[in-house]
Amino acid sequence: MLLVVTAAAVVTISLPLLLPVTGIGLPVSRLTYIVSGAHLEWPRPGDRLRATESGEYVARNVVPARMAMRHDGVIYLAMPRLRRGVPFTLGAVEYDPCVSTIEPPVSPYPCAAAHRNAARPGSGNGSWTMVNVVDVYLDDGGVLWALDIGMVNLLEDGGAVVVRPPMVFAFDTDTNDVSTAKQQ
């Protein structure tokens, strides 16, 4: 796997020849994605504009940092909230053999509600809200483990904001349900 981060917050993901990917119809050596903060999927029309105007979305601040890939080609991305303007911190890119694009949209994983208002202390909905996922790991059983450090804006001038203690989330990637959420 090659993960390249550039100054424009664009990530190129190229996958190795030996990684078995079923059902995508392309040799894995030909599967290359360019992922950037400019190509996010939004729940409703107009959400992108509202989030941009309010400062909740700043495309250049959305930088995928870690990734994990399922056997069927779904890529899970950790997008840390190092600065303001990252609308969701865990995303997914689904391979669609009917759509030919090298810049697929990144969707909030498992859903947009899991990330809502998580960047403000006391605004989340308990242990379910993801604050700042910095690492992901997909085990052999299809469980996606996500490390959430519980603080945001680590690179802002005002300093990091602690929202809650760190947590580890475990998602069943077949159902997209949280199977475990443990506070550290």
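A residue is called buried if its relative accessible area is under 20%, exposed if that area is over 50%, and partly exposed in between (1.4 Å probe, protein chains only). The model is predicted, so local features need pLDDT of at least 70 and side-chain atom pairs count only at pLDDT 80 or more, while totals for chains, interfaces and linings use all residues. Residues are numbered from 1 along each chain as its sequence is written, and side-chain values use heavy atoms, with hydrogens and water left out.

**Exercise 1. Describe the protein chain as a whole.**

Step 1. Helices (H or I, at least four residues) and strands (E, at least two) are DSSP runs, numbered from the N terminus. Counted in this way, the protein chain has one helix and 13 strands.

Step 2. Read from the N terminus, the order of the elements is β-β-β-α-β-β-β-β-β-β-β-β-β-β.

Step 3. Of the 184 residues in the protein chain, 40% are buried.

Step 4. A contact means heavy atoms within 4.5 Å. Among the contacts in the protein chain with a separation of 6 or more, 46% join residues 24 or more positions apart.

**Exercise 2. Work out the sheet that contains strand 5, and state which of its strands stand at the edges.**

Step 1. Two strands pair if DSSP finds at least two bridges between them. In general, the strands of a sheet pair through backbone hydrogen bonds, either parallel or antiparallel.

Step 2. Here four strands form an open sheet in the order 4-5-6-7, with antiparallel pairing. Strand 4 (66-69) and strand 7 (107-108) each have a single partner strand, so they stand at the edges and one side of each is left without a neighbour in the sheet.

Step 3. Strand 4 and strand 5 pair over four bridges, and R66 stands opposite A78 in strand 5. The hairpin of these two strands has five residues between the strands, and G73 takes a positive phi near 100° there.

Step 4. On its other pairing, strand 5 (residues 75-78) meets strand 6 (residues 90-93), again over four bridges. A78 has L90 as its bridge partner in strand 6, and I75 stands opposite V93.

Step 5. Strand 5 is covered on both faces: I75 and L77 are buried on one side, Y76 and A78 on the other.

**Exercise 3. Follow the aromatic pairs from Y76 onwards.**

Step 1. Rings of Phe, Tyr and Trp (its six-membered ring) pair if their centres lie within 6.5 Å; planes under 30 degrees apart count as stacked, over 60 as edge-to-face and the rest as tilted. The count by this rule is four aromatic pairs.

Step 2. Y76 and Y109 form an edge-to-face pair, with 4.9 Å from centre to centre and 70° between the planes. Y76 lies in strand 5 and Y109 in the loop between strand 7 and strand 8 (133-138), so this pair ties together parts that are 33 residues apart in sequence.

Step 3. The ring centres of Y109 and F171 are 5.5 Å apart and the planes stand at 70°, so this pair is edge-to-face. F171 belongs to strand 12 (residues 167-172), and the two residues are 62 residues apart.

Step 4. Y109 and F171 are both buried. Y76 is buried as well, at 2% relative accessibility.

Step 5. Ring pairs join Y76, Y109, F169 and F171 into a cluster.

**Exercise 4. Place strand 12 in its own sheet.**

Step 1. Strand 12 is part of an open sheet of four strands in the order 8-9-12-13, and the pairing is antiparallel. Strand 8 and strand 13 (177-183) are the edge strands, each pairing on one side only.

Step 2. Strand 9 (residues 143-148) pairs with strand 12 over six bridges, and D148 stands opposite M167.

**Exercise 5. Examine three salt bridges and the exposure of their residues.**

Step 1. A salt bridge is a side-chain nitrogen of Lys or Arg within 4 Å of a carboxyl oxygen of Asp or Glu. The whole structure holds seven salt bridges.

Step 2. R44 and D47 meet at 3.6 Å, N to O. R44 is exposed at 51% relative accessibility, whereas D47 is buried at 10%.

Step 3. D72 and R70 meet at 2.9 Å, N to O. D72 is partly exposed at 26%, whereas R70 is buried at 11%.

Step 4. The closest N and O atoms of R84 and E156 are 3.0 Å apart. R84 lies in the loop between strand 5 and strand 6 and E156 in the loop between strand 10 (151-152) and strand 11 (161-162), so this pair ties together parts that are 72 residues apart in sequence.
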